[in-house]
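Dear colleague,

Please find below the structure that I am handing over to you, together with its sequence. My notes on it follow directly after.

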Amino acid sequence: MKNRGSFLEHSIIIKIEGFDRQKLLTECVKRGIIIKDIRSVSEIETIITLMKWDYEQFLRLAKNKYKITVLKESGYRPFIRKTFFKKSTIIGLLLFALILFYQGTFVSEIRISGYRSYSEAEIRDNLREAGLYEGCSKNVDLENVKLHIYKELDNIAWIGVRYMGNLAEVTIAEGTITPKLVDKSKPCHVIAKKEGYVENTIAREGRIAAEPGTYVKQGDVLISGIIPIASTAYGTPASGMTERYVHAYGEVYAKVPYRLFCYQEKYNYIKSPTGNHIFGIRFELGGLKINTVKSFYKYSNSAYTEKEILNIIRPIPLTLGLAKVEEVEVSKKEKSNEELKKEANRLARNIISEKVPENAQILNKSLSFSSGENIIGVNIMLETLEEIGEKKEINNWKHN
Amino acid sequence: MGIKDELLFDFSIKMPRLLISGKTGILDNVKKIVLVSENNIVVDHGKRYSSVNGTDLCVKSIEEERIIITGEIYSVEFYGNRGDIHEE
């Protein structure tokens, strides 16, 4: 048997029209042409399948006695030829490759691990500020990103950013700033960690050093770990001892005053639309950012609004939005006393939540205002009750 | 079958040799195709002819003096040179 490939490789289905088609088939058998699927369609038509390599020889045998029509070509060779030699296929493949390549130049996902005290959202926000966000180019300077994070977030011991394909893996190691605990076997004082008026002291071990009502500054001893003793061990070396050292502990509550200051606008600014507006399109493709509104912007005062139509990251980061810039006239109106108080209270709540410890109890709060040209200063006076004691080891102590 | 008969059978290259099973038939020692139609396929084996009758008959392949036929096969006929007919 001749080895000329197989029907799977390249075969053709042909229609033979004419008389005495059997003679042609007999000739093919004699010449070793392999024929498949011989089907008699009518008195003068027969459909056969043969391999492409035998087709030339088959035509020579058929001469001009028969009408030969190729109905179909099959097999993987013509399939590949048809598929890969079409212009549209080549363009499609090139486009596909281009999209794949282009997609590979963007960060499609950011995975953050190792954070404890910060929330993932906080870290993501800071990464975004530094230029690393889902959809950004991979060309972003990672060193700058790291520096930004070190700068913006406290207590970051180490940050690592690496790309795994389109995934940016951010690993964060937070430093530990837990207060240094004093070993229970070692003597210590309880000292004030902030200034205030002592309200109540519960000394579970040690001697009270700051009575209620005393004003203490940071570092002052509140419960002393040095207890004076009157030794009765006469005639022994221990008779010379006048004090003993203990591991003082307990709770010291103090009234802590706070003076906080913030500003608020004196006027409410009202934006009244004039009726003039322009529409535009914001288009972002990876690093390419186009906003047609910005190009035709012509108003001195305006309000920008946008409706996002499309925002995808895969297969390529693409954002499309309909933007509107509306011309506005800005007028100002002085805030009423009620509005000022309401705003001042809101500011006070924010600033208190930032500056005052969570477990502090607010005893008194007063707000006072000082008027400037365009702003109003809000003076917040606070008095809180909070625990101010912390342990501090006694240095240079002598063993009892 | 004796050895002599077997040898004669093997070397009878101009005689029909058929294997019919279900909807498939294999015809060996094919020297010439006489007729191919939906209901009848007739081949010449050299010394004798054989005819396969049925419906939807199709020659699946022809190679090396062997024809494979598929379809609903009803009967097989052999024609001798002298015109005598045997049907099986």
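Asp28(B) is partly exposed, because 16 other C-beta atoms lie within 10 Å; by definition, 20 or more such atoms within 10 Å of a residue's own C-beta make it buried, 12 or fewer make it exposed, and partly exposed is in between, with C-beta atoms placed from the backbone. This residue belongs to strand β2 (residues 24-28) of chain B, where helices (H or I, at least four residues) and strands (E, at least two) are DSSP runs numbered from the N terminus. Not counting residues up to four places away in sequence, Asp28(B) touches Arg17(B), Glu65(B) and Arg66(B); a contact requires C-beta atoms, placed from the backbone, within 7 Å. Glu63(B) is 35 residues away from Asp28(B) in sequence, and their C-alpha atoms are 9.8 Å apart in space.

Please note that this is a predicted model, in which local features need pLDDT of at least 70 and side-chain atom pairs count only at pLDDT 80 or more, whereas totals for chains, interfaces and linings use all residues. Residues are numbered from 1 along each chain as its sequence is written, and chains are lettered from A and ligands numbered from 1 in the order in which they are written.

Chain A contains eight helices and 22 strands. Of its 400 residues, 20% count as buried. Among contacts in chain A with a separation of 6 or more, 67% are between residues 24 or more positions apart.

The largest nonpolar core (buried Ala, Val, Leu, Ile, Met, Phe, Trp, Tyr and Cys residues joined through C-beta atoms within 7 Å) has 30 residues, of which Leu25(A), Ile35(A) and Leu50(A) touch the most other members. Two or more residues each come from β1 (11-17), α1 (21-31), β2 (35-40) and β3 (45-51) of chain A, and from β3 (32-36), β4 (40-44), β5 (49-63) and β6 (66-79) of chain B. The most, five residues, are given by β5(B). Apart from this core lies another, of 17 residues, including Cys188(A), Ile223(A), Ala248(A) and Ala254(A).

Chain A also has an open sheet of four strands in the order β10-β12-β8-β22, with antiparallel pairing; two strands pair if DSSP finds at least two bridges between them. Its edge strands, β10 (207-208) and β22 (389-393), each pair on one side only. Strand β8 (residues 188-192) is joined to β22(A) by five bridges, and Ile191(A) has Glu390(A) as its bridge partner in β22(A).

Yours sincerely

Methods
Two residues are in contact if their C-beta atoms, placed from the backbone, lie within 7 Å.
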